[in-house]
Structure formats: structure tokens, C-alpha cells
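Please examine the structure shown below together with its sequence. The paragraphs that follow lead through it step by step.

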Amino acid sequence: MPAELYASLRANVGYLGRLLGETMSEAHGPEFLEQIERVRLLSKSGRAGVEADRQRLQETLLGLKRQEMLPVARAFSQFLNLANIADQHFTTAREMDHLTSATNTLATVFRELQDSGQSPEAIVDAVDALSIELVLTAHPTEITRRTLIHKYGEIDACLAQRELDGLTEREQDAIELRLRELIAQIWHTHDFRHSRPSPVDEAKWGFAVVEKSLWNAVPEFLRRLDNTLREATGRRLPLDAAPVKFSSWMGGDRDGNPNVTATVSEEVLLLSRWQAADLYYHAVDELTEELSMTDCNAGLRAMAGETREPYRVVLRGLRDRLLALRGAIEVQLDGMTPDAGAMALAEADLWDTLHTCYQSLLDTGMGVIANGRLLDLLRRVKCFGIHLVQLDFRQDSDRHTAVFAELTRYLELGDYDQWSEEERQAFLIAELKSKRPLIPGDWRPGEDVAEVLNAFRVVAAQPEGALACYIISMARQPSDVLAVEVLLKASGVPYSLPVVPLFETLDDLDRAPQVVERLLGIPGYREHIGHAMMVMIGYSDSAKDAGMMAAGWAQYRAQEALLETCGRAGVQVRLFHGRGGTIGRGGAPARAALLSQPPGSLRQGLRVTEQGEMIRNKLGLKSLATKTLALYTSAILEANLREPPRPKQAWRDLMDTIADDSCAAYRAYVRDNEDFVRYFRQATPEQELAKLPLGSRPARRKGGGGIASLRAIPWIFAWTQNRLMLPAWLGAGQALDNCISGGKRALLEEMLRDWPFFGSRLSMLEMVFAKADPELSAYYDSKLVEDELKPIGAALRQQVAADMAVLLDLLGEDELLQNESWARGSIKLRNVYTDPLNVLQVELLARNRSSEDDDIEQALMVTFAGVAAGMRNTG
């Protein structure tokens, strides 16, 4: 990308930084601003290699008075937030439209597909088959308060206004005044929530993303897709096309979260439907004002009767029904019985009324009106339905096992928990076929079992379409899936709900094809599921279990084998990707991630989690969401019409070796070193991070203090804070070095050049190494780690240096990100502001560990947020 295009970005970063400086000067005096500038210059000089200034930076920050630490931390943290806003805005700015817009992204892929020999018919068929489902999850990686997110969005809007041509001086002054106001609001606002959000709070945050962004982004994206498809092929999107849909785990993910109860899920389902009714109400109200035309066809006349304004009459009726639905939901939320007639409004009622109006406008020569706001609303109906987002339920397989163990003991049938897999399957299959009730009416189960059963009763009470699926965490056997099928039946669920096994650890991924094969081999099961199933691949836990490289290969192999297994059984399988935002949790740039999937793995569409801060970064603004949807669409079309190469056997064999070696090297530290957990707790802020009021879910799955019980998110977050970034690289470089030493360099270079899967892994490694800072990690150790554990950190830093050298040699580069000048420059810029936060964090950790202090703890949390902003991710 030409360097001159970055001028506006640099200008916006400097402009917002100046306004922040003036705000801080007004709040704390010019001496404070001078202090911040001295720290910044020392950091910049230290980064340039002046060791004396690096030492002076440390001494300056260590010498801060207790009351100075918080405002200094906030200064650098907020600058990084503002730089991120400018960076984010840059990708959707007007001057970048011809390079990065959704229209350009789609037009480019259509052109490239045609140039590669794809016929217009093949492209149209691929577009018609598109199925993209983004699942919003409540993983607590969104460290920024919702009130601050709103202000950041307003700043982005101001930056967009500043780009407009022909602004008068008064208009420019008004925009700057608004920016000053917003930045002052941010500076004088508390950085964190006072208490953890409840699952309902998390769900409301998700609904706000839909309301503020996705509600408008979806029709905008579909309009662009429609136009570019027509220009490329002469065909248009069908009126009822729904290539994009949204689901949510917020309020439905009960795995390891005791705060997500059946009552909570029931409330979230109602709130989701209320939000949908409210959005539709306002949209229909706007249409009622606009569709004042008199001409109509016979179909609309039959609905409206003899009236001068038939569209308004029909739309007012729909608007009144939406208002009644909204009121009925409010009654039910208050614990009373709602009006059944009002609650009966369905998606079909919305569609039929709006479509009748649409067709009438077309038939009477008013197509330009039909294809305006009315078309946008029809598109929304197909995307969001009557429930806004579908809810996923997720629960650990052990909780279902506990239900049957307690039930079989009560029925004096034995102890399900002690049965073999074959005995469990026989019992469950018999219950699926049985016509008698399974659960006795007089049974009073224990509290935990009762909660599981109550969750299934909530599922049974929902109208079809409210829920997307039921996911089983830590699924290991066919009985884990059959158990949920039986509980759905026993609870009286009147519709078919997909039951989705989630394979998470390395061993579970390796066994997944065999488990699914045994499941599909059960007589009648394929017919029971309609010859279609969904399987979820877990990225976070497998990477924590085995390291990034071994987990990535296990995920790839599992997908291949699942496709083959289900294909042989005549079952269509849809793969659900449980990715995080960071590389250590399966995150990667969308296009690279999709094009590196196994051939054929996207044929049944894409279902993928969007987690934590990635929701805001990719979907939080209309312009960002439109671009994200276009990126997903273009990558899936390319992957399905120009499939990536199937790996040669030699590639597979070498990748097996790399995975084994990297896993062994990773586990040698994480599992086998008895002092590693102690080192981890001292060298990182893992314990302190647990105090952050981020999400409703506990940091650990169950009792115990080891790495195995720690969730992937705090595991990644902690290593990101101390800049060692260990989960995203440990083991990979050693395995690559072994291959080179073993004479496999030429084969590695061939894989790098010709195999997107392997190339994307090395590209992700390069980005991780560019963000890592072993010297800062050493500083953490010097101040926080007891002497007997310091050799662990020294060995890890020696290893990361060796791994960086191996990667650069293999890539043929002299420096990291050599061919990514903007990414390299962006990281260097952020380091100047992130380094002081890391140095300050070390001092704050030391003080906090010796004696807890609310002010110190508050400043510490600000450094967590600032480093996360500097690294552009948390967990």
C-alpha cells in the first residue's frame, strides 16, 4: 500500500493525541503533561537502543508517588485507545474506499474467479449456497467498558465527518469541540466496571451490537453483494437470500458458569425477542410514514380494503401487532402471564405483510421505492427473524452424566456413572425408542441435576427457531451425544434441535472421527438427525493443551477425517469453529484463516465464534461490520470455487513430525516442569487478572490450581501482559529447527510456498514474535520472580530468541515483518506507549503483592487495559 495513504492515519493519531494532551493539561496542569512527555521520549529513545534512557525510564516510573501512578497509567492507556480508533477508522475511511471497501473486496473476488475460469453460473450457485453464521460469545476478553465503547464510536463518527469536503470553518470547529468533549468525558470516566457483569448484562451488550451496528450493516452488505453480483454475472440475489445470520452464547453458555441458570436463559430469550420487536416496530413505523402511495395490486387491496392509502393501513396493522408483542414480552418479564395472541406473532407474519407491499410496488411501477428501505427490512427479516439472534445452549458432558447417574440410582437400575460405554449406549438408545416417560413425577433430584433439567425445560418451552443448537463441551463418546438427545425427548422438546459435540483437547480431536463414526453407525441415528449434523472444533483448549502448532495440525486433520467419515455415511457435516481472537486461541486474519482450511470444509457454510473484544473490533461499527462480512464472503467463495491444494503425503508426514516435536517441547515446560506453575504465577499477572470485573464466568472450570483447570483466556491474557506471548510460539520453533537439522529445509520451503495451511502458521508466528519482547519479560522476572525460578524464564527467553532466528532464516528475511511495513511500523509506534505501561505494571505488581491497596489495584487494572490496547488483543 502506498506510503502516502498513511498520511491521514498519522495525522489523526497526532490530532487525537494533541487533544488528549490538552485535556490532561486542563485536568492536572501543564506540569503533568510535561511529565508524560518526558516518559514518552525516554521510552522512544530506549526503544531506539539507548540503554541509558531505558534505565532512566525504569527509574522515573519506579520513582512515581503513589498518587501519580494512576494518572500516568491512564495517560498512556488512553493514548493507545485513541490510536486504535484512528487505526480502525483508517481501514474504512473514504480515501481508502477504493482499496478496502466491501464493494471492492467483493468485486475483486468475482473478477479473480472469472479470470480463473469460473463461469457466471458457478459463481451464482456459490453465492446462493453461502451460509455464514457468526456466533457472538461472552468470553470475558472485552476489557473496555460499554460506556467507553460508545464514546469511542462517537469519536470515529467525528473523524468521518472531518473527511467531508467543503466543510465551513464553523463546521470544523463544531467537530473539534465535540471531539474535545468526548475525550474529556473519557478522561473523567472511571475506566472499569465496579462489579462483574451478569450474564443478562452480557446479553444486553450483544443486543446493543446488533442494534447499533449489525441491524444496519446487514442490509448495506447485502446491497453491495447484490450490486457486485449483478455487475459480474447479470444475476441478482434472491429476495429471500440470507447468506448471513447471527447466534449468541450470551445467556446460553452454562459450561463452567454457575451464573447462567435456566431462569437467566429464559430471561435472555425474552429480551432478545423484545429487542427484535422494538427494532422492527421502529422500522415499520418509518415505512408507514414513507409509503403514502395510493396505487396497489389486488393482493394488497385484499389486505387493506377500500382505502386511499393501502400501504399505510397494512403497515399500521403490523406496527400495532409489534407493539402488542413488545408489551406482552414486558408482561412476561415481570413474571405475569402474557397475552397468547400477541406472543404468537411469527417471522412469517412479518414477511408476508412486507412482501405483499413489496410486490405491489413492483407491480404498479414503483420499483425504485420497493427496492429502498422496504427491501432492506425484508433482508433483515430473513437474517434476524423474530428472535434477533438464535441462542446456543452449551453444557459440559459431565453434567449430563450426573443427571443419568442420579436418575438410574433413584430408579434402582444401577449407577450410570459406573457403566461401560456400551451399557450407556444401550440404555440411551432404548430410552430414545421408548414411549413411556423417563423422568418420574415424584423424583426430587439434587440441586445441580435439577438445574440441568430446568435448562432442558426452558428449551422445550421455546418456539422453534429461538435456539440454534445444544453444544456438549468435552464430548468424548457417542453416549455424550445420545444423553442430550434423550434429555431433549424427556423434556418434551417438540422440534428437532441440533446436538453438537465439541472436541477440545488434542486427544479428543484425534478421536473425534472415530466417535462420530460410531455415533452414525447406531441404527436409526442418521435418520433421527435427518442425515445432517454439526460438529464443533475447539481451538482454545487444544492450543493450551498441546501448543499452537500441534493443535493447529490436529484441528486440520480432525476436519479432514470428519468430512470423510460423514461423507461415507451419507451425512452432511457442518463444522463449527470455536476460535478466539488471539493466535494462541486459534485467531488469525479472516481471509488467511479460511483459505488455510482443508479442501471442502466450507461447503456446508461457516459457523464461527466471534469473541470478546473481536466483536467490537470487527463488528462494532456499521462500516467495520460491512467490511468484515465482505471479507468472510469473498474468502468462502474463493475457498469453495478455488479449493486450496490437498497436502502431499510428504507434507503430511513432515507436519506429523513437527506436531509431535512441538507438542513434546511445549509440554516439557507446561506439564512436566513441576516449577512451571509457580513461575507462571510470579512472572505474569495471572492472579491479579482474576480480580478484573470482566465477565460473568469464573476464570477456572473447577477446583484445582494447575494449568489444566485454568481457562484459555486468562492463560493467554497473562502471557500477553508480560510480553513473552508464550502460548502462541512455544514448541513451534524447536520443531522447525529439528526439521532443518534433519535435512528437510527444502521440503519446508515447498510447504511454505505451496500450502496455505503451513504458510499461515508461519505468518502467525512471525506476528507473535514481532509483538513479543523478551527484554521486558526479563524485567518482570527481575522484580517479581524468586531466584530459584528465574532459570525457567531465562531458558524461555533463550528459546524465543533461537526460534525467531530459525523463522527469519526459513522466511529469508532480515527482520520480522520485513514485507509488512505498515504492521511493523504500527507495532513500533505502539511500543513507545506500551513500554511505560509494562514497566509501571511491574512496580504495581510488586507493591500489590506486598500489601493490597485500592489505588494501586486501580492503577494496575489500567495497565492491563493499556497493554491489551497496545497488543490489540487480550485473550
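The axes of helices α33 (745–754) and α36 (790–811) come within 10 Å and cross at roughly 75 degrees. That crossing makes α33 roughly perpendicular to α36; angles under 35 degrees count as roughly parallel, over 145 as roughly antiparallel, 65 to 115 as roughly perpendicular and the rest as oblique. The axes are lines fitted to C-alpha atoms, for helices over the stretch in contact, and angles run from 0 to 180 degrees between N-to-C directions. Where the two helices meet, R745, L748, E749 and L752 belong to α33, and D809, L810 and L811 belong to α36; contact means heavy atoms within 4.5 Å. Helices (H or I, at least four residues) and strands (E, at least two) are DSSP runs, numbered from the N terminus.

The model is predicted: local features need pLDDT of at least 70 and side-chain atom pairs count only at pLDDT 80 or more, while totals for chains, interfaces and linings use all residues. Residues are numbered from 1 along each chain as its sequence is written, and side-chain values use heavy atoms, with hydrogens and water left out.

Both α33 and α36 also take part in covering another helix, α32, whose buried residues are covered by elements including α24 (548–568), α28 (649–670), α33, α34 (756–771) and α36. Which residues of α32 are buried? In this helix, residues 732–741, they are A732, G733, A735, L736 and C739, where buried means under 20% relative accessible area, exposed over 50%, and partly exposed in between (1.4 Å probe, protein chains only). Seen down the axis of α32, these residues fall within an arc of 160 degrees, so they line one face of the helix; the arc is that of the directions from the helix axis to the C-beta atoms. An α-helix has 3.6 residues a turn, so residues three or four places apart point the same way. After α32 comes G743, with a positive phi near 85 degrees. On the other side, the loop between α31 (712–721) and α32 holds R723. Although R723 is not a glycine, its phi is positive, about 70 degrees. With 1% relative accessibility, R723 counts as buried.

Helix α24, one of the elements that cover α32, has a further partner in α21 (residues 506–520): their axes come within 8 Å and cross at roughly 5 degrees. The two helices are therefore roughly parallel to each other. Among the residues of α21 that meet α24 are L506, L509, A512 and V516, and the residues on the α24 side include A550, A554, A558 and L562.

Aromatic rings offer another view of the fold. How many aromatic pairs does a search of the whole structure find? There are 29, counting rings of Phe, Tyr and Trp (its six-membered ring) whose centres lie within 6.5 Å, with planes under 30 degrees apart taken as stacked, over 60 as edge-to-face and the rest as tilted. F393 and Y470 form a tilted pair, 6.4 Å centre to centre with 45 degrees between the planes. This pair links distant parts of the chain, since F393 is in strand β3 (residues 390–396) and Y470 is in strand β4 (residues 467–473), 77 residues apart. Both F393 and Y470 are buried. The rings of F404 and Y416 have centres 5.3 Å apart and planes at 35 degrees, so this pair is tilted. F404 lies in helix α17 (residues 397–410) and Y416 in the loop between α17 and α18 (421–433); F404 and Y416 are buried. That loop also holds E412, a residue that is not a glycine yet has a positive phi of about 60 degrees. E412 counts as exposed, at 73% relative accessibility. Elsewhere, ring pairs link W553, Y556, W651, W755 and F757 into a cluster.

Some rings face a charge, which sits over a ring if NZ of Lys or CZ of Arg is within 6 Å of the ring centre and within 35 degrees of the ring normal. The charged end of R74 is placed over the ring of W187, 4.5 Å from its centre. Over the face of W351 lies K382, at 4.6 Å from the ring centre.
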